[in-house]
Amino acid sequence: MTFTHWRSGGYHPQIQDYITQRAQLTIGRYGQEGEEKLTSVWDDLQQRKQCCGVISHLDWYKFHNQFPADRPPDSCCETYYEGCSRAISAVIVWDEGCGDYLIDATFRGLGAVGTVVLICFLLQVLLLLFVAILIFLHKFGNDPKNTCCGRSYSKPEDTKYDEPKKPRPVVQKSSSWRLNPLYNSQLKVDKGTDL
């Protein structure tokens with residue numbers, strides 16, 4: 001797959017342009033202090049995939065002031081050795097850029113994330129369905145065969161519920177409580193009640 005193919009290919013052009021621009025900006029940080037990991041990633045990518053730059057080897061000249069147009073990093077050399085790009089003889093570098101691989105790797109990663117999200121969503125839907133079925137069986141199932149995991153989800157027929165206790169009548173005391181006939185009749189009903 002060449003750069004022109006993925007520019008006109010199946011991926012969204014705006015996403016391709018974004019990935020291309022971001023990759024080209026990282027070229028400017030290549031070899032700088034504190035950017036050892038980035039430098040190592042670019043070297044490894046160019047050697048493994050036999051590519052140079054993002055679109056072509058000229059990206060190193062355009063986006064990094066250290067490299068002349070015909071001398072990209074050593075990792076772009078077809079025959080790699082330390083200092084190969086600065087050799088006096090004509091340097092043979094990889095013609096193709098690494099943009100194809102970067103775009104494909106990005107979309108493969110997005111596809112994997114999308115697949116995981118879809119699987120999690122489907123598992124949650126199945127779990128909610130299972131819980132809804134259990135709740136339905138617990139509430140409305142009256143067949144003794146409605147069991148799951150050794151537990152019955154039907155209401156037993158002989159379950160009786162206790163009636164709530166009636167509250168005791170409240171007696172209000174007044175200054176003439178001893179003369180109140182209602183109070184005295186209440187005392188007869190509640191024998192032995194301490195007030």
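Me: By class, how many residues of each kind does the lining of the largest pocket have?
Reply: In this predicted model, local features need pLDDT of at least 70 and side-chain atom pairs count only at pLDDT 80 or more, while totals for chains, interfaces and linings use all residues. Residues are numbered from 1 along each chain as its sequence is written, and side-chain values use heavy atoms, with hydrogens and water left out. The classes are nonpolar (Ala, Val, Leu, Ile, Met, Phe, Trp, Tyr, Cys and Pro), charged (Asp, Glu, Lys and Arg) and polar (the others, Gly among them). On that basis the lining has eight nonpolar, two polar and two charged residues.

Me: Which element gives the largest share of the lining of the largest pocket?
Reply: The lining consists of I19, R22, A23, T26, L38, V41, W42, L45, R48, Y101, L102 and T106. Two or more of these residues come from each of α2 (13-27), α3 (36-49) and α5 (99-140); helices (H or I, at least four residues) and strands (E, at least two) are DSSP runs numbered from the N terminus. The largest share, five residues, belongs to α3.

Me: What space lies in the largest pocket?
Reply: On a 1 Å grid over the protein atoms alone, a pocket is an open set of points where a 1.4 Å probe fits, with protein on both sides within 12 Å along at least five of seven lines; lining residues have an atom within 4 Å of a point. Points are joined across faces, edges and corners, and the volume is the space filled by probe spheres set on them. For the largest pocket this is about 190 Å³.

Me: Which residues have the most contacts inside the largest nonpolar core?
Reply: A nonpolar core is a set of buried Ala, Val, Leu, Ile, Met, Phe, Trp, Tyr and Cys residues joined through side-chain atoms within 4.5 Å. The largest one has 15 residues. Both α2 and α3 give two or more residues to this core, and the largest share, three residues, comes from α3. The residues with the most contacts inside the core are W42 and W60.

Me: Which residues does W60 touch, not counting those up to four places away in sequence?
Reply: Contact means heavy atoms within 4.5 Å. W60 is one of the two residues with the most contacts inside the largest core. Its partners are I27, Y30, W42, Q46, C52, G53, F67, P72, P73 and C76.

Me: Which residue forms a salt bridge with D44?
Reply: A salt bridge is a side-chain nitrogen of Lys or Arg within 4 Å of a carboxyl oxygen of Asp or Glu, and the structure holds two. For D44, the closest N and O atoms of its pair are 2.9 Å apart. D44 and its partner both lie in helix α3, four residues apart, about one turn of the helix. The partner is R48.

Me: What relative accessibility does E35 have?
Reply: E35 forms a salt bridge with R29, with the closest N and O atoms 3.4 Å apart. The scale is buried under 20% relative accessible area, exposed over 50% and partly exposed in between (1.4 Å probe, protein chains only). R29 counts as partly exposed at 37%. E35 is also partly exposed, at 21%.

Me: What phi does Q50 have?
Reply: Q50 sits in the loop between α3 and α4 (59-63). With a relative accessible area of 47%, Q50 is partly exposed. Most residues other than glycine have a negative phi. Q50 is not a glycine, yet its phi is positive, about 50°.

Me: Is V93 buried or exposed?
Reply: V93 lies in the loop between α4 and α5. Leaving aside neighbours within four places in sequence, V93 is in contact with H57, P72, C76, C77 and E78. Its C-alpha atom is 9.8 Å from that of S56, 37 residues apart along the chain. At 10% relative accessibility, V93 counts as buried.

Me: How far apart in space are I15 and T106, C-alpha to C-alpha?
Reply: I15 belongs to helix α2 and is partly exposed at 35% relative accessible area. T106 is among the residues lining the largest pocket. The two are 91 residues apart in sequence, and their C-alpha separation is 9.8 Å.

Me: What pattern does the protein chain follow along the sequence?
Reply: The chain has 195 residues, of which 24% count as buried. Among contacts between residues at least 6 apart in sequence, 45% join residues at least 24 apart. There are six helices and two strands. Their pattern is α-α-α-α-α-β-β-α.
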